[in-house]
Structure formats: structure tokens, C-alpha cells
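Q: Please take a close look at one part of this model, the strands and how they pair, and then set the helix packing beside it.

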Amino acid sequence: MIRKELVAASAEPLILSLLAKGESYGYAIIQEVKARSDGKLQWTDGMLYPVLHRMEHRGLIKSRWAESETGRKRKYYSLKKDGKTAMARHHEQWSLVHGVLAGLQKEQYV
Amino acid sequence: MFDVEQSIADWRKQMLVAGIQTPVPLDELESHLREEIERQMKSGMNEQKAFPIAVERIGAGNLLKTEFKKNGGMDKAQRRKAAGYFYSVILGCYTLAVTCAMFKYNLSPNEWLSGVAAQTTLLGLAYLIWHLAPSWLLLITSRRTQSAVGLIGGISGAIWFSIFANLILPRFDFTTGQLMVAILWAMVPTLVLPTTAFLLLDKSENQPSVITSS
């Protein structure tokens, strides 16, 4: 299981990256993260919403209520301009960390 | 007989008691709860078994409330932006008032020059401190030192102006124009120093978010 702190730190970049593909809603975001991580990234479902609201409050994303094809009301989120900038910054930082770790790991096998 | 609608209504009441605001967060959580119940039922469960699983996945109301409560305030970037607007308005009003006063009191060309120089110095210093101080602050790693420098910056502006008005000014016999120019120069540290104080003292970050309750 991935450490709680790492899961929390990765939430914002993951949400931003998922929303960069198109608007989505909380339940779908959780299911997609779960599927892409083979169930290893476990979020407590309800905890996603305070994070989404905080990101909206910071102007990274926006939301709208709409009806799904089944008639259920859903709150859809989409990326704003500041969100795209934040996502690029996250990608840069996570790539840097990944690059350093990968380099160190490679050295261990040399 | 299990009634899912009644169970959802009871769950909403529990969430309200726990302090989850209505309508937006609670409606959104309910929408999520219904999606999860539906998914569980598609995998072969009945409503009675699916409901408690979905409720557990959503998480406890008190934990959610704690997380939602963190959304109330502004983060550091927003506070800086708001303070920047506030500070710009103060300096703008002050510059306007000074310009009007300089016209009103018929300053000599030299006094005008000195007055404009004082005002330009004030605005230039305020701009420089606002933009450069955040990177300078990284040099002060001790929080105690940061607080000390911040407090000194904050009160020294007021102390300086008090010294100027009560001890320095009475020693000179200024004309109106000279008095005005002297005050303009005295106002430079009075208005610039509190900026440093804000930048140094505003180090409270928002609490980090949590996305797992385990």
C-alpha cells in the first residue's frame, strides 16, 4: 500500500491531469485513479470532495451541475487556465523527483 | 423491509449533525453515495448490503467536516494577492493626496523636486521590497528570527514617525513647503517598513489536505 502522505501529495496533480482530458465528476475521478493504479491508490471517497472544493476555491478548476444520461444530478469539474499552469508545474516537479530516484536506482545495479 | 431512500435520508441527517454543510457538499456526497450503491448492485449485491459499503467508502462525517473546514480561509498566494491590492490602494490614495497637497501649498521648484523624489523613492522601495523580499526571506531560516525581524519592521515604521514628529520636527523652523517635503521623506520608512513585516509574519500555510482517512 502506498503511504498516506504520498497519496495526499499526489491527489492534486492526479486530479488536474485527469481533468485535462475533459470534464469529469467525483465518482468517475476516483474510479479512474483506482483503475489506473490497479487499486493501489486508495482514496477515501468522501475525502476527494474537500480537495476538489479547495482546488475550485483556488481557481484551478470550475464546476457545474448537470444531469447524467440516467437522469442523476452530477457535479462536473473542468480545468481552468490556472489549473493548466499548476498541472505543468506539478509535472515538472514530479518528473524531477522521478528522474533523481530512477537515476539513483540505476546506479545501484551498476 | 430495507428502504434505501429512507436510509439515505437518515445518512443525510447524520452528515448534517456531523456538520457537513448543505446544500452543495451534501448533495454532491449523496450523488456519490448513489453511484456507489448502484455499482455495488450491478456486481450482484442487494440494496441492503450495498448501502453500508457505500457509506463506509464515503467516510465518517466528522472527518469530512474537518477537511471541508480547511477550505474556509485564503491560502498564502491569495493572502499575498489581497494584501498587494490593499497596499496598492493605500499607496495610490496616499500619492494622490500628496500630489493635491503639493499643488495646494505652492511649493518652490526645489521643494517640488525633492517632494517628487521622496514619493518616487517610496513607491520604488515598496515595489522592490514586495517583489524581492520573498526570495530574501529564504535566507532567514529561523522562524524566530523571521518573527523578530517582522515585528521590528512592523513597529519601527510607527516608532520612527513618532520620533520624527515629536523630536526632530520641533527643532527646525520650516516653511510650509519645507515642512511638507520633510514629512514626505519621513513617510518613506513609515510606509515601507510594514510591508516587510507582512511578508515576514505571514508564514502561516494552510494545513495540508488529507485524502485517506486510514
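A: In this predicted model, a good place to begin is A:Ala66, whose bridge partner in β3(A) is A:Arg74. That pair belongs to the ladder between strand β2 (residues 61–67) of chain A and β3(A), in which seven bridges join strands that run antiparallel. The two strands form a hairpin with five residues between them, and there A:Gly71 adopts a positive phi near 90°. Strand β3, which covers residues 73–79 of chain A, also pairs with strand β1 (residues 24–25) of chain A, again in the antiparallel sense but over two bridges. Within that pairing, A:Tyr77 of β3(A) is the residue that A:Ser24 stands opposite. As a general point, side chains in a regular strand alternate between the two faces of the sheet.

Turning to the helices, the axes of α1 (residues 4–19) and α4 (residues 81–108), both of chain A, come within 9 Å and cross at roughly 125°. An angle over 145 degrees would count as roughly antiparallel and one from 65 to 115 as roughly perpendicular, and α1(A) and α4(A) are therefore oblique to each other. The crossing of α1(A) and α4(A) is left-handed. On the α1(A) side the contact is made by A:Glu12, A:Pro13, A:Leu16 and A:Ser17, which meet A:Gly83, A:Ala86, A:Met87, A:His90 and A:Trp94 in α4(A). Sorted by class, the contact of α1(A) with α4(A) comprises five nonpolar, three polar and one charged residues.

Definitions and conventions: Residues numbered from 1 in each chain as written. Chains lettered and ligands numbered in written order. Predicted model: local features only at pLDDT ≥ 70, side-chain atom pairs only at ≥ 80, totals over all residues. Axes fitted to C-alpha atoms, helices over the stretch in contact; angles between N-to-C directions. Helix = DSSP H or I, 4+ residues; strand = E, 2+ residues; numbered from the N terminus. Parallel < 35°, antiparallel > 145°, perpendicular 65-115°, else oblique. Left-handed = near helix turned anticlockwise from the far one by under 90°. Contact = placed C-beta atoms within 7 Å. Nonpolar A, V, L, I, M, F, W, Y, C, P; charged D, E, K, R; others polar. Pairing = 2+ DSSP bridges.
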